[in-house]
Amino acid sequence: MFPQIDTATAQLGPAQLVPRLMAGPDSPNGMPVAYWTQLAERFHDDGLDTIMGPALQAIAVQVVNKSIIGDFRTQLDCVAALCDNKALAAALPFFPEFDPENATAVTIEQQSILGPFFALAAYPDRSPDVAASYFQHPDERNAADLHSAMNGLRGSVLNLETALFGVSNNIVRASPAGRSKLLDYFAHVIKLNKPRRQMHVDMRLVSSEGFMHNMTNNLLRLCEPFLDIRHSKIDKVDPHYLRTSRRLDVSGETKLKADQQQADAYYNAAQVTDNHNFITEVFHLTITFLHYGPLRAMADFQSVIKQLQEAKKKSEQAEQAAAATANVRTQAGVLQDFVAKQMKKEVERLTQYKLVYESMILDPQLLGRILDFYNLVMAWLLRIVDPKHQYPQVPITLPLPADVPDVFAMLPEFILGDIADFFLFLGKYGYETRVMPSHPQEDLVTFILTFLQNTQYIQNPHLKPKLVEILFFFTYPVFQGQPGELETILNSNPLALHTLVPTLMSYYVEVEQTGTSAQFYEKYNIRYHIGHVMKRIWSHPHHRQRLQDVEHELFTRFVNMLRQDMNYLMGESLDKLTEIHKIQTEMEDQAQWQAQAPDTIREREQQLEHLEQQAQSTVALGNETLYMLQAMSAEMVQPFMAEEIVDRLAAMLDYNLNKLVGKQATELKVKNPEKYHFSPRKLLSRIIDIYLNLKCPAFVNAVARDERSYNKDDFSRAAAILSKYKLKSPDQIAALEAFVNQVEAAIKDAAQEDEDFADFPDEFEDPVFNTLMKDPVRLPTSGVIMDRSTIRGYLLGESRDPYNRAPLSIDMVEPGKSIFLFFSFLLLIILPCLFCLVPELKDRIHAWMADQRAKKKGLAMDTSE
């Protein structure tokens, strides 16, 4: 009467459910929704997991090793439909197959019920077929065609992401217990994938790019309800979560401002609890998934770009070698042709991979979600360091307290690092997505300014420069010279208008000592970025006005660093250009050039290439530094006239002016100077601008004192060039001539003064420059007496006593009381009476100078009589 099952051939148990579940509830061969509900209610806590768990796993297994272009829709629709049922959605996370306890980073994608669906993706690490399918023959297709293919791929991914979010969201809403199990599953994936961010990791032993991408996107969507523009739910995020959570273990992570011992003590002192709200849980899981997922994919994308560039070079070389042997039927010729074809295939493969990565991680929707989330993270971090803990509802007040709060210091460093890396990635590769202009930027600007002004809050010296680099990329002129995305807010935001200029100046000085092994070269890159940002904001009068309020000591040190950088960069640039000129001149004589040995030719060509790379870098850096000197000297003169600065500044300008217009200037003529960012006339014009900006008596005297490089004829040649090419007006040329006349007069006066004070007593001599001291001071620990200007100049780049390396600042020096202190402490014991009778050294010096002048004046009167 009833149909009988052939037990010999039919699958029994949970396997019997698989075809009926996959048929769907509306199919005659399927199972009605009411049956699912009754099944879940009847067997809840009584074997439902043994019935449905294996069946769902059997369905999921059918999707293993498929990609986004595979046939998986039936299985995904089945799981999604089951999770539309609240009872089953609540029960699903409790099935053993939902989160296999003994899974590895690789097997969890295959063995967990949702794993195979989350693993569906397009990334080439596990799904190279997608790249080949969507982007065949990319070199033969136009940009519009490739863009259309990208959008098609993104559409497929979006459909998958929407379905997966539906499943997760249903589980979250079904029951608190099921929601907690889902969070456990996410946390388990994180635990298994800790090696993903290691520098050298076998990616075959961790979860795939697509799996991590889809799970991160899932969490970002779960965050959307609390990602409003005003961050109205920011106070729901517990800042102590990582210290008290059992789900995420950050004990092995580098902390923002703590060593391992301090971090262990801090985290071990807390009581672990499960009493955290859902917003806090999802917030921290998303931060961590971004670290191990998309941020890793972005790094891999940049690696693919480098591989592609290298492959293109090798392919070009292989094609040239094959062309050279094309008409020669030899084994070597055949081999060269084979190599050329293989390299061409490699270029095509890497191009396809690059296009897939662009489709995935440069998807505007994904970038927009990440940006919205990181806006909240930045606001949350600012709220932690805000002494009032009221940001963003109340603007933060800077500077921050000197003491870094523990709750901030103990956070994993990667949180700030990932924010910086994301925005740098967006700045380098994401302009065409137009994500930045369509999202709020206040949190980013406040975040950068806060931690640039309070760099003591960040321990890692490599992290701080990234904040300046973000400003650089988002103020860089883009399409047809349009302003960068952050320029508008930097010229309107109250905090930026008040703090940006002094903050950049302070950091410019600070990076003199970056604390890294490559600090000498790193500081120039950082300062190049600072110089660019200063240039982009300099047209705003409020930014220029802020110079007036900068502390004198900071301004003086900043100007000195500018001078030092200008001195080095200009010297390096002009030396490199001279060497390039020499090699280019040699190459023009083809007969003599070809007569050299092949190894010599190759060596010189490599040397030329290396020199060109160096010149491009140093000239560009020098241009930005010179611009800052020119712009700032036009606004303020006094800081440039500090005793410890002005002579060195004048000497630097005189030296470079001589290099540009002196007898050796012809050695700077190179082919295609624009290739090296070298514009000698513009360079000359800016240097002359600085002379004219600073043409006050103190500067005139400083130029007059430069016996090494000052040459009146250099100014005459400069004036002729500037007039010829109409780079300066007649009034400016006249002003330059007047300045030179003043210098010449000052030289005569100085010569007379040198003669008057030539025979000063030894006790008045500065021990460094062997000159007459005017304002002697005593160094407190070494006891050495020198002129105040000498030690001030030294302390601009150092903070220790030059004689015993003890800590020293200018406010610690003491007025020089007696030259005997310079010789020996023993003299204080042997000649106490004499010491007591010696007047102030400074007074004695000035009394001697006055006496010399009086004698000279009296002698002149006697002669006239």
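**Aromatic rings and a buried arginine**

The charged end of Arg-243 sits over the ring of Tyr-266, at 3.8 Å from the ring's centre. That is what shows up in this predicted model, and there is a second case of the kind: Arg-681 has its charged end over the ring of Tyr-725, 3.7 Å from the centre.

Back to Tyr-266, which also has a ring for a partner. Two numbers are used to describe a pair of aromatic rings, namely how far apart the centres are and the angle between the planes. By the pairing rule, the count comes to 32 aromatic pairs. Take Tyr-185 and Phe-186: their ring centres are 6.3 Å apart and their planes meet at 40°, so this pair goes down as tilted. Tyr-266 and Tyr-267, on the other hand, make an edge-to-face pair, with 5.3 Å from centre to centre and 80° between the planes.

Are these four residues buried or exposed? Tyr-185 and Phe-186 are both buried. Tyr-266 has a relative accessibility of 11%, and because buried means under 20%, it counts as buried. Tyr-267 comes out at 13%, so it falls under that 20% cut-off and is buried too. Rings can also gather in a group: Phe-283, Phe-373, Tyr-374, Trp-380, Phe-422 and Phe-423 form one aromatic cluster.

Now for an arginine in another setting. Arg-527 belongs to helix H24, which covers residues 519-537. With a relative accessibility of just 3%, Arg-527 counts as buried. What does its side chain make a polar contact with? The partner is the side chain of Glu-512, at 2.9 Å. Setting aside neighbours within four places in sequence, Arg-527 is in contact with a list of residues that includes Tyr-508, Val-509, Val-511 and Glu-512, and also Met-561, Asp-565 and Met-628.

Zooming out, the protein has 38 helices and three strands. Its radius of gyration is 36 Å, while the globule rule gives 29 Å for 865 residues; the value is well over the rule, so the protein is more spread out than a compact globule. Along the principal axes, the C-alpha atoms fill a box of roughly 150 × 80 × 50 Å. Still, 50% of the 865 residues count as buried. Among contacts with a separation of 6 or more, 77% come from residues 24 or more positions apart. As for the outside, the accessible surface comes to about 41300 Å², and carbon and sulfur atoms account for 51% of that.

Definitions and conventions: Residues numbered from 1 in each chain as written. Predicted model: local features only at pLDDT ≥ 70, side-chain atom pairs only at ≥ 80, totals over all residues. Heavy atoms only, no water. Phe/Tyr/Trp six-rings, centres within 6.5 Å; stacked < 30°, edge-to-face > 60°. Buried < 20%, exposed > 50% of the residue type's maximum accessible area, 1.4 Å probe, protein only. Lys NZ or Arg CZ within 6 Å of the ring centre and 35° of its normal. Helix = DSSP H or I, 4+ residues; strand = E, 2+ residues; numbered from the N terminus. Rg over C-alpha atoms; globule rule 2.2 N^0.38 Å. Contact = heavy atoms within 4.5 Å. Areas by Shrake-Rupley, 256 points an atom, 1.4 Å probe, with all protein chains shown as cover. Polar contact = N/O pair within 3.5 Å; in protein donor to acceptor, adjacent residues only side chain to side chain.
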